[in-house]
Amino acid sequence: MQINGNAVMSEPLFNRIAVIGLGLIGGSFAAAARENGLARSIVAGSRSARTLEQGIALGIVDSGSQDLAEAVAGADLVFVSTPVSAMGTVLSALKPGLSNGVIVTDGGSVKGNVVNAARDALGAHYARFVPGHPIAGKEKSGVSAADAKLYRDHRVILTPTDATDPAATARVRALWTGMGAEVLQMAPDYHDQVLAETSHLPHLLAFSLVDTLARQGDSTEIFRYAAGGFRDFTRIASSDPVMWHDIFRENKAALLQALGQFSDGIDRFRQAVENEDSDALMGIMTRANTARAHFLAMNGRTSYTRAHSVQSVGDDTTMTDNTHATTNPTFVVAPGGQLQGRLRVPGDKSMSHRSIMLGSLAEGVTQVEGFLEGEDALATLQAFRDMGVVIEGPHNGQVTIHGVGLHGLKAPEKALYMGNSGTSMRLLTGLLAGQSFDVELTGDASLSKRPMERVAKPLREMGAQITTGTDGRPPVRIRGGQSLKGFHYDLPMASAQVKSAVLLGGLYADGETSVTEPAPTRDHTERMLGGFGYEVRRDGATSALSGGGKLTAGKLEVPADISSAAFFLVGASIAANSEVTLPHVGINPTRTGVIDILKLMGADIRLENQRDAGGEPVADLVVNAAPLKGIEIPEALVPLAIDEFPAIFIAAACAQGDTILRGAEELRVKESDRIQVMADGLAALGVSHQVFDDGIRITGGEFGGGEVQSHGDHRIAMSFAMAALRATGPITIHDCANVATSFPGFAQLATHAGLKLEVK
Ligand code: NAP
């Protein structure tokens, strides 16, 4: 046991560590081992006496020797961090000094050749050789650049072979973890292939580009005017040429393969430029534009918003990302104020999905405005890109889709990743059931638990071949080349997604496909098909269409989402002197309960400029502050306002008298138990209320500020932000990260309108 001041340190992992090659990587390793108390003593081996003196002077090693066998004597761990090409010679030189049972490991950037060299050089010690590679670095080299924190929050790849003792691998893993690194494991050859693509090729390209330009006659001019893009791309050409020379030689086979693939890509680009082929150019660039975030999300099986927050890094750290560093903001809203202005809230999510699907299958170019850049709709967008559709944007809600026609989709190269979006997976299952190619749909951990048989079953009855995973959950695999037949389906449950999947399958079926629903559900698919010129026959609870038609591209302004507008409807109603116009809000009759309820409470909301947008009714909503009164909410309106109750509860807290909601048990199984979480928040502000199993009674009046937990429920967070307009003290709302998924830019828009909101 080591005693350090008052702290009792546990036994160090190793007694004596020998670091051979005390440069950036070796020096940082020694410094990190020292700082984290991972060894009793640390000794260095180097060709140069000066390097050893420097290491001792810096305090990162205790002693050193130029004789490598002497340096490793008595060590129970040896870390070799010389250039890769020197490893064979170095390992042979140090071998005579190795103790029995010693673990040897390394930090070389290439693994296949190092493993071969170790096998040849180490004899019996090879069984405890654990090849490794820290994915961390700097542009500086030498011991003076050593940094005890270099590996913290970075990845280290270990590449044990079949011959490696697992106990040795486990101890090396523990050592790196003790330095704060995250350890991954893979086979040496796979490591070399992955690194060739993600690190070695980009470095080669940077060296090559800078060299090519520097050779030109007017290179001084070129470098004088070099813009940010050039500087960003070529920064890694400042890395150590000696080390990279070594890496390119030692990883020759994998690098040549990566270079070959890259040359093919460049040829495709060259051809597109030569032929002025805009479709091909836009296809390459729009896919590349979003590929990084997409693949990071896909690999991590995480959300797109997390992947988008990843920052780029350079040098030998090309594979690193900072997905662990995402933050969860808190809203702090000062009391009082009023809302003013013309406020465009984000587009409707359901319609954003469908705009991409139908725009892709249409003939011609569809211009979409008001697209919701939330991650669910982005998953749909990426899926169509993966099937060869050129989609520009989204930029500020604008998307341009170069439709390929009903039969123009191409087989994706990999499974289509739907993130967390159930809508994408269910609707695409229908739409892809009638394609000529096979396809697999996957999702994140939470989507992978959701039932998919409800869409697969009716589609199978149409002739589709679909398999689902365990218990009918994702992945969904669809076999192409089936001929579908139209049929009639009586929906066993009210579900807009199942209805839509069957109708979208029906686009590819012979004859008529019809669906009857037991209760009305959102009818955005039927309406938007109509907007794209595809006839949908509707008769009471039944919708029907015939296969074999075509969709015609056009302009589509996705209506603003009434669920997002609801916060401003309430905010402007409760804050004296407010006047707000919310343009182009969707007023589909299955969604307008919030307007009816607020009007019953006395709100001053006018629907102006009512019109049709791609089959959907829309209007500009004009709201003026008005005194509200408590009401008993009619149960018939409950399903039509189910997502808007958190905002309506805030209106109730500001109304005179009691507002009573019953028959809303569904609120308990939304993103959170919305009755209880809202009740807890109201209690924190001092609003009187009584909770029922299926609803709540709220007594309006004056209330104070306080701390509210949103439990990650975006609608609860935004509702309490609006409550501050009438509170007597500031309201702090925790756990607001999910606001961005349904309402990107909420804080900016609300602040612009007059809410005193700060994001912390
Ligand atoms: P560095 O700072 O230049 O250090 C290299 C060390 O190796 C120096 O101590 C040098 O000793 C010694 N050395 C050089 N040639 C040698 C030879 N022929 N025989 C014996 N010793 C020799 O380089 P580094 O950045 O630490 O790289 C070390 C290893 O880590 C390399 O295998 C590299 O691939 C790998 N790596 C580097 C990075 C990075 O970004 N830099 C990242 C991950 C992995 P003297 O002091 O005696 O010259």
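Which residues does Thr-423 touch, not counting those up to four places away in sequence? Keep that one in mind while we get our bearings; we'll select Thr-423 a few stops from now.

**The whole thing first**

What you have open is a predicted model. Show the C-alpha trace and turn it around: along its principal axes it spans about 90 × 65 × 60 Å. Switch to cartoon and you'll have 26 helices and 36 strands to look at. Of the 760 residues, 54% are buried. Put a surface on and you're looking at about 31200 Å² of accessible area, with 49% of it belonging to carbon and sulfur atoms. If you like contact maps, draw one: among contacts with a separation of 6 or more, 73% join residues 24 or more positions apart.

**Colour by domain**

Give each domain its own colour, following the domain assignment: 2–185 for domain 1, 192–309 for domain 2, 332–337 plus 560–759 for domain 3, and 349–557 for domain 4. Note that domain 3 comes in two pieces of sequence. For a sense of scale, put a distance line between the C-alpha centres of domain 2 and domain 4, and it should read 35 Å.

**Stop one: a greasy spot on the surface**

Select Phe-269, Val-273 and Met-285, which make a nonpolar surface patch of about 250 Å². Met-285 sits in helix H12, residues 278–300. With a relative accessible area of 39%, Met-285 is partly exposed.

**Stop two: the largest nonpolar core**

Now go inside. The largest nonpolar core has 83 residues, and the members touching the most others are Phe-568, Leu-582, Phe-645, Phe-720, Ile-733 and Phe-746. Show helix H20 (residues 562–574) too, as this helix gives the most to the core, with nine residues. In soluble globular proteins, nonpolar side chains do tend to be buried together.

Centre on Phe-568 and bring up what surrounds this side chain. Skipping neighbours within four places in sequence, Phe-568 is in contact with Leu-339, Leu-343, Val-345, Leu-582, Met-722, Phe-743, Phe-746, Leu-749, Ala-750 and Ala-753. There's also a second, separate core of 63 residues; to find it, pick Val-368, Leu-427, Val-476 and Tyr-508, which are included in it.

**Stop three: Thr-423**

Back to the opening question. Select Thr-423, then His-353, Arg-354, Leu-428 and Gln-497: those are the residues it touches once sequence neighbours up to four places away are set aside. Thr-423 lies in helix H16, which covers residues 422–432. Is Thr-423 buried or exposed? It counts as buried, because its relative accessibility is 15% and the cut-off for buried is under 20%.

**Stop four: salt bridges**

Show charged side chains as sticks. The whole structure has 30 salt bridges, and a few make good viewing:

- Glu-453 with Arg-460: the closest N and O atoms are 2.9 Å apart. Glu-453 is partly exposed at 28%, and Arg-460 is partly exposed at 32%.
- Asp-523 with Arg-527: the closest N and O atoms are 3.1 Å apart. Both Asp-523 and Arg-527 are buried.
- Glu-535 with Arg-537: here the closest N and O atoms are 3.6 Å apart. Glu-535 is exposed, with 52% relative accessible area, while Arg-537 is partly exposed at 29%.

For the last selection, take Arg-522, Asp-643, Arg-674 and Asp-713 together, which are linked in a network of salt bridges.

Note on methods: Residues are numbered from 1 along each chain as its sequence is written. This is a predicted model: local features need pLDDT of at least 70, side-chain atom pairs count only at pLDDT 80 or more; totals for chains, interfaces and linings use all residues. Side-chain values use heavy atoms; hydrogens and water are left out. Patches are made of residues with over 30% relative accessible area and no salt bridge: like charges are joined within 9 Å, nonpolar side chains (Val, Leu, Ile, Met, Phe, Trp, Tyr) within 5 Å. Accessible areas come from the Shrake-Rupley method with a 1.4 Å probe; for residues, only the protein chains shown count as cover. A salt bridge is a side-chain nitrogen of Lys or Arg within 4 Å of a carboxyl oxygen of Asp or Glu. Helices (H or I, at least four residues) and strands (E, at least two) are DSSP runs, numbered from the N terminus. Buried means under 20% relative accessible area, exposed over 50%, partly exposed in between (1.4 Å probe, protein chains only). A nonpolar core is a set of buried Ala, Val, Leu, Ile, Met, Phe, Trp, Tyr and Cys residues joined through side-chain atoms within 4.5 Å. Contact means heavy atoms within 4.5 Å. Domain bounds come from an automatic or database domain assignment.
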